[in-house]
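The following note is offered to a colleague who has the coordinates at hand. It is arranged as numbered points for discussion.

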Amino acid sequence: MSGERGDRDATASDAVSGGGAAEGAQPPRPGHRVSRRALLIGAGAAVAAGAAGVPIAASLWPRPPVEAMRRAVPFTIAHRGGSADWPEMSAYAYGRSVSFGVNALEMSVSRTADGVWCGVHDGTLDRTSGTTGFNVAEHTWDEVRRHLIDPPPGRRHQPRRPYWRLADLIDRYHSSHALWIDPKAVAQRFYAELMSVLVGSVPKPAEVFVAKSGAENGPWAELAEVHGIESWGFYYGRQLDADPDFFARTQRPWTMLGLDVGASAAHWRSFTADGRPVVAHVLATDSARRTALRRGAAGLMIAGVEEILG
């Protein structure tokens, strides 16, 4: 579907994980992948039970991606496909993060001059490709795709990778992973267009997508709410410290909350007491994961996929 189709045979990184665990089963701990052998044994046991006349729980069947994600304890989201490990938001990065068993994939999108939505966090290619003043909104997709994404700091031995379209992310992973979409550097006048892309791409968008943004971006959450799509608004402790009313003003439309792992214990107690799932962001180390879980995080937004889930 995209010009980056060659990435599909890069490695076993394009393996897809999905589905939910059996009711009452102990979920895999973060950092422990379920082997293919274990999956086959489980499937064989289900078939044997059916042959013996034992009812097979409906929960043995794959659940819709958002539901499966919410049932994981904790659920995990690959931040830009694993931004600390691989060229961010490339097909390769998403494939690698999937191979580590994440429940969801996050993409921060920009819009090209010819209306193509693609994984570009900043609105320009300057940070990720070394250009100067290359504004995505002023260039066509064909011009964007001539550039390559640099690997993250500390991983400079890796090859650079092509940019990837939102349509390709949806095409490849909509049936297996929840997809968290953030209109990071896009003007609000394009939000309706982006939501139309999401809603028109799958039969049941509420089962696939999560609308993600900074907590102050209520219009994106409200647009998702119209379509029954979950939303995640993220906060930083420093915002809450600087403005005691910030949470009260911004929290209403979000179905899930985000808080940085460095926020104070008091802020974490307040957020977890709210009752909505709280996702810790953005985690690069296993030490950060442990801190997030101690503070009651229901989900983990992970940049360092290899260290935390490896």
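The points below concern a predicted model and proceed from the whole chain to selected elements.

1. Overall composition. The protein chain comprises 310 residues, of which 50% count as buried. Its secondary structure consists of 13 helices and 11 strands. Among contacts with a separation of 6 or more, 63% are between residues 24 or more positions apart.

2. Burial of strand E9. Strand E9, residues 256–260, is mostly covered, with five of its five residues buried. The cover extends to both faces of E9: Met256, Gly258 and Asp260 lie on one side, and Leu257 and Leu259 on the other.

3. Neighbours of E9 in the sheet. Strand E8 (residues 230–235) runs parallel to E9 and is joined to it by four bridges. Within this pairing, Tyr235 stands opposite Leu259 of E9. Strand E10 (residues 278–283) is likewise parallel to E9, again through four bridges. Here Leu257 has Val278 of E10 as its bridge partner. Leu257 and Leu259, which take part in these pairings, are both buried on one side of E9.

4. Connection from E9 to E10. The two strands are also linked through helix H11 (residues 265–274): E9, H11 and E10 form a β-α-β unit, and its hand is right-handed.

5. Packing of H7 on H8. Two packed helices are described by the angle between their axes and the distance between the axes. For helix H7 (residues 191–201) and helix H8 (residues 218–226), the axes come within 11 Å and cross at roughly 40°. The crossing of this pair is right-handed. On the H7 side, the contact involves Tyr191, Ala192, Leu194, Met195 and Leu198; these meet Trp220, Leu223 and Ala224 of H8. By class, the contact contains eight nonpolar residues, with no polar and no charged ones.

6. Enclosure of helix H6. Why is helix H6 (residues 166–173) described as largely enclosed by the rest of the structure? Six of its eight residues are buried, and H6 is therefore largely enclosed. The buried set is made up of Leu166, Asp168, Leu169, Ile170, Arg172 and Tyr173; Asp168 and Arg172 are thus listed alongside Leu166, Leu169, Ile170 and Tyr173.

7. Surroundings of H6. The buried residues of H6 pack against both helices and strands. The helices are H3 (91–99) and H7. The strands are E2 (104–111), E3 (117–119), E6 (178–182) and E7 (209–214). Helix H7 therefore appears in two of the settings discussed here, since H7 packs against buried residues of H6 and also meets H8.

Technical notes
Residues are numbered from 1 along each chain as its sequence is written. This is a predicted model: local features need pLDDT of at least 70, side-chain atom pairs count only at pLDDT 80 or more; totals for chains, interfaces and linings use all residues. Side-chain values use heavy atoms; hydrogens and water are left out. Buried means under 20% relative accessible area, exposed over 50%, partly exposed in between (1.4 Å probe, protein chains only). Two strands pair if DSSP finds at least two bridges between them. A crossover is right-handed if, with the strands pointing away from the viewer, the path from the first strand over the helix to the second runs clockwise. Axes are lines fitted to C-alpha atoms, for helices over the stretch in contact, and angles run from 0 to 180 degrees between N-to-C directions. A crossing is left-handed if the near helix is turned anticlockwise from the far one by less than a right angle, and right-handed if clockwise. Contact means heavy atoms within 4.5 Å. Ala, Val, Leu, Ile, Met, Phe, Trp, Tyr, Cys and Pro count as nonpolar, Asp, Glu, Lys and Arg as charged, and the others, Gly among them, as polar.
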